[in-house]
Amino acid sequence: MTRFDHRPSLESTRHDVVIVGGGGAGLSAAIAIAEQHPDLSIALVSKVVPMRSHTVAAEGGAAGVVSASDGLDLHFRDTVAGGEWLCDQAAVDHFVARCADEMVRLEHWGCPWSRGADGSPAVRNFGGMSTARTWFAADKTGFHILHTLFQTSLRFPGIQRFDEYFVHDLLVDDGRCRGVVAIDIASGGFHALQAGAVIMATGGAGRVYRQNTNAGILTGDGLGLALRHGVALRDMEFVQFHPTTLPGSGLLITEGCRGEGAYLTNRHGYRYLQDYGLGPEVSEPAPKTMELGPRDRLSQAFWHEQQAGRTVDTPNGPAVHLELMHLGRRKIAERLPFISELAKTFVGVDPARAPIPVCPSVHYTMGGIATDITTATAMPGLYACGECASVGIHGANRLGSNSLAELLVFGREAGLNAASFVLDHAGQGEGTALAAQARDSAARASAWLARPAGGLRLAELREQMTTAMQDGVGIYRDAERMVAACETLENLSQSLDRISLDDRGRCFNTEWLSAIELGFTLDVARCIAHAALNRKESRGAHQRLDEYTQRDDDQFLRHSLAKLAPGQPPQIHYQAVNITRLAPGERRYGAEQTP
Amino acid sequence: MKAHYQRPMGRWYLRPFYLFVYTLRELTAVFVLLYALVLLAGLAALAAGPEAWAGYRQALTHPLSIGLHVLILVAALYNSITWFMVAPKAMPAVFIGTRPLPGLLITLAHIVVFAIISVVTVVLAGAG
Amino acid sequence: MNRGNRQIDILISRYDPERDDQPRTERYTVPYAHDSSVLDALLYIKDHLDGSLSFRWSCRMAICGSCGKMINGVPSLSCKTFLRDYAPGPLYIEALHHFPVIKDLVVDQAGFFDKLPESRPWLIRDQERALADGPHRQSPRQRARFASTSACINCLLCYAACPQYGMKPDFAGPALLALVERYNADSRDQGKAERMPMINAEDGVWSCTLVGNCSAVCPKDVDPAAAINRNKLESAKDYFLRFLKIGSGGAE
Ligand SMILES: Cc1cc2nc3c(=O)[nH]c(=O)nc-3n(C[C@H](O)[C@H](O)[C@H](O)COP(=O)(O)OP(=O)(O)OC[C@H]3O[C@@H](n4cnc5c(N)ncnc54)[C@H](O)[C@@H]3O)c2cc1C
Ligand code: SF4
Ligand code: FES
């Protein structure tokens, strides 16, 4: 019996639109096309069964203006100021105007939103938002959104699923994106999916760091694929650290806790956020104040507390306390049941009786594949939406609950625009040229299985990468450590082809997939590190300790664009920010906040 | 690609332990049936006249019969209690406000009612 | 992660279709700390001892439903099961029972996913509501009616716990029938009649003999056994109603 075959099988199918990713963004896109264009054939490709995508883990909620006291303009201002003016204001306007509709649409599809006593969907406070506008389904919002979308997608025969197919390359002909090549994970065979348009919805890249809130699948594959085909990544230096996660594992304890009124205290039991421009100390949750400040500020405050020796020691490193005890068992059971389960299971704490130890971990990739407001990338036929995309609404710091809303709004947008593109550009790509491309790509991917034994270990390289990022490009950064990180990453990327695998089989070979993923992740890491090193200012989630501690609008009120050419370090360029109506100003929270 | 491996079922009804509990529950139903037959025989005897009835009562006092009755009692108790344990799953959902009534409470309620009825029956039988 | 200084032995049932006709058992020794999960141990093995071990995982936080395995014979989520509870060991890990094994700890879940659309797990309305009409009203009490059944993460532990499914792979099974109940119990839904055939079918609720084990292993308190047995009531009612209709020569 042969252990592996050098000439792997290669199947081929044709579709109108191929969607890579079955999370909230990918499913929204698929359903939008299926509803509007029942005749189009849609391939939904995902390396995990769609409802296992990491949207499932989102806890807190999704933003959408509904209450009479709220307004679209307020949501706009919160988002733009929260992103420290690095947001595309036209995109933000487009976004805030559509959020609530998407929440209602989900409701019509059965999403079990939590309800007020009168039976209408309830909203809660969230960090950096000037009023309660975050829709939630207890503290399992992402879970319910994803399952609702997945189950609703089953209604549409036009959506053909390719579950557990791993996309490792794009098919590009004459500068236009014409499909993808994927590995059927169960068999290890290859499958070329040709298409009139491709939508990337592959999620974030939190796995670039050692301690993160992300799933194992979030290795930045979509970002890596785009880079390799010359499409730029935007604003990659802005990596969000979530202030309340479990030390060691990085598992998320939702901001919803603080929205419901939880306190953050240091080792002296003191609510330290009042010392960081977020006071006054209030006992009930107040918008943009204390624990409801934005994430970048809260994570930075933790860092200062740690430097000053006021954090608590845990076996997994320093932490502060998240106190929910005063909320009472009833409210915790009703609003935060999952947090209760997580705290009990993973740190042995009953939050109704004792504080949960928390610390910041990498959470969200603000940057991503650069797209315009229609979700189109610079490559015709290639669209991107969700966390892997940078449509420009998050700027230098994302506000919690804007991301789930983004998946729905821009997922739909991507679906409809990709469909129009296909209809406008009828006549598929030249099959034989694409077939040859697919064959070459399959052969390159197969080469991993033929490597000689005795090389480097995959896990060791991965560990060196995540350590370099954690140490060099963390909450606070300086040139020296960023340069060191960049060097390490360049070396690692040279070493990639000296890895050898233990598993040479084709059937469900997850080691093989991990190796390909590491290639993507490393490229993303290099872009983050270089973009960070090049941004000689401090803004939002990018804070420096060397001579660039201030925001510098003259030089850097610009998006970074990272591109990659083979064998070279990433090239960083800059792009103007689209400012339509809110002139750059100062971000103010707590007592000094301005609406 | 080669075939997937399908594991044989093996002796699932013995192991793990919780499946053995289930197997026993189903088996003890046989004893409940047995007791129904005993009662039926009594009814038939009663219908057949006083002599048959006396014979039937005589037979009940035989040590073998007493042994059988003890066995039936134990089995019926096991059968009832394991059924009470799954009773919360077999009845319509009961809610107090937004909270479902805990299953354990339903099981306990069944056991309590069962105990009361048993005691009352024994007392009535003694009195009669 | 804090790796810890204690050690435990883990036996893993392995199967490589390109090599084996039967599963074989391999033994690994892994370090662990108080908070190490079985998933952490599997990842340690994959990273440091044997990269060829295959298993599914993703979220690490008991919500994606990927990581179910048999742990000492009990279907469990490996990210939510801790090594400390099995000291001094050894632990025995196998692929979820009753499903065909693709490789090592990875099973073929098609038996579940292929049947999923049959249960019509989406909100069915006689008349679709327009966006402009805004959300439906639903009281917290009405929502509570399907709170537990809507918590299913499709981890399929309940199928591995169900001997009926093991003997009758066509049985719709616990999670699917719980999903039917989830939509039927939703005050916004009007599709019960469409879902009745699936409930009534031979492979529907009547294949269940109320072992109750599915509910015992469920990590999310979905209580599928209760959902199924409530539907037996529904199914019986449905049968009698139709019976009466035929008997009285009623319309339809
Ligand atoms: C723990 C946690 C909690 C969060 N809570 C909130 C919250 O309360 N509110 C909020 O607004 N945001 C929240 N976020 C952020 C938000 O959930 C994510 O940004 C969002 O879910 C991303 O969705 P997505 O559809 O872009 O990608 P994902 O849901 O991550 O899906 C990515 C998809 O791409 C597929 N894929 C990736 N690579 C490949 C490949 N090579 N081949 C094939 N398929 C591939 C995967 O299989 C998957 O289907 C949270 C994030 C985390 C991590
Ligand atoms: S019912 Fe429970 S055990 Fe079964 S798939 Fe759902 S969550 Fe898992
Ligand atoms: S890894 Fe997601 S449920 Fe265990």
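## Exercises: an interface and a ligand shell

In this predicted model, the contact between the two chains takes 68 residues from chain C and 69 residues from chain A.

**Exercise 1.** Find how much area chain C and chain A bury between them, and which three residues of chain C supply the most.

*Solution.* Start with the total: about 5600 Å² is buried between chain C and chain A. Carbon and sulfur atoms carry 53% of it. Next, take the share of chain C. C:E18, C:R60 and C:M61 supply 14% of the area that chain C buries against chain A, more than any other three residues.

**Exercise 2.** Count the salt bridges and polar contacts between chain C and chain A, then describe the side of chain C.

*Solution.* The salt bridges number 8. One of them joins the side chains of A:D503 and C:K103, at 2.6 Å from N to O. Polar contact links 36 residue pairs across the interface, both partners at pLDDT 80 or more. Now turn to the elements: α1, β6, α3 and α6 of chain C each give two or more residues. The largest share, 4 residues, comes from α1(C). By class, this side of chain C has 33 nonpolar, 15 polar and 20 charged residues.

**Exercise 3.** Which residues are closest to ligand 1, and how much of the ligand does the protein bury?

*Solution.* The shell has 39 residues; A:S53, A:T55, A:E387, A:S403 and A:L404 are the closest. A polar side-chain atom of A:E387 lies 2.5 Å from a ligand oxygen. The side chain of A:D221 places an N or O atom 2.8 Å from a ligand nitrogen. Taken alone, ligand 1 exposes 1000 Å², and the protein buries 99% of that. Finally, α10(A) gives the most to the shell, with 4 residues.

Note on methods. Residues are numbered from 1 along each chain as its sequence is written. Chains are lettered from A and ligands numbered from 1 in the order in which they are written. This is a predicted model: local features need pLDDT of at least 70, side-chain atom pairs count only at pLDDT 80 or more; totals for chains, interfaces and linings use all residues. Side-chain values use heavy atoms; hydrogens and water are left out. A residue is near a molecule or strand if one of its heavy atoms lies within 4 Å of it. A polar contact is a pair of N or O atoms within 3.5 Å; within protein, one must be able to donate a hydrogen and the other to accept it, and residues adjacent in sequence count only if both atoms are side-chain atoms. Accessible areas come from the Shrake-Rupley method with a 1.4 Å probe; for residues, only the protein chains shown count as cover. Contact means heavy atoms within 4.5 Å. Buried area is the accessible area (1.4 Å probe) that two parts lose on being put together, summed over both. A salt bridge is a side-chain nitrogen of Lys or Arg within 4 Å of a carboxyl oxygen of Asp or Glu. Ala, Val, Leu, Ile, Met, Phe, Trp, Tyr, Cys and Pro count as nonpolar, Asp, Glu, Lys and Arg as charged, and the others, Gly among them, as polar.
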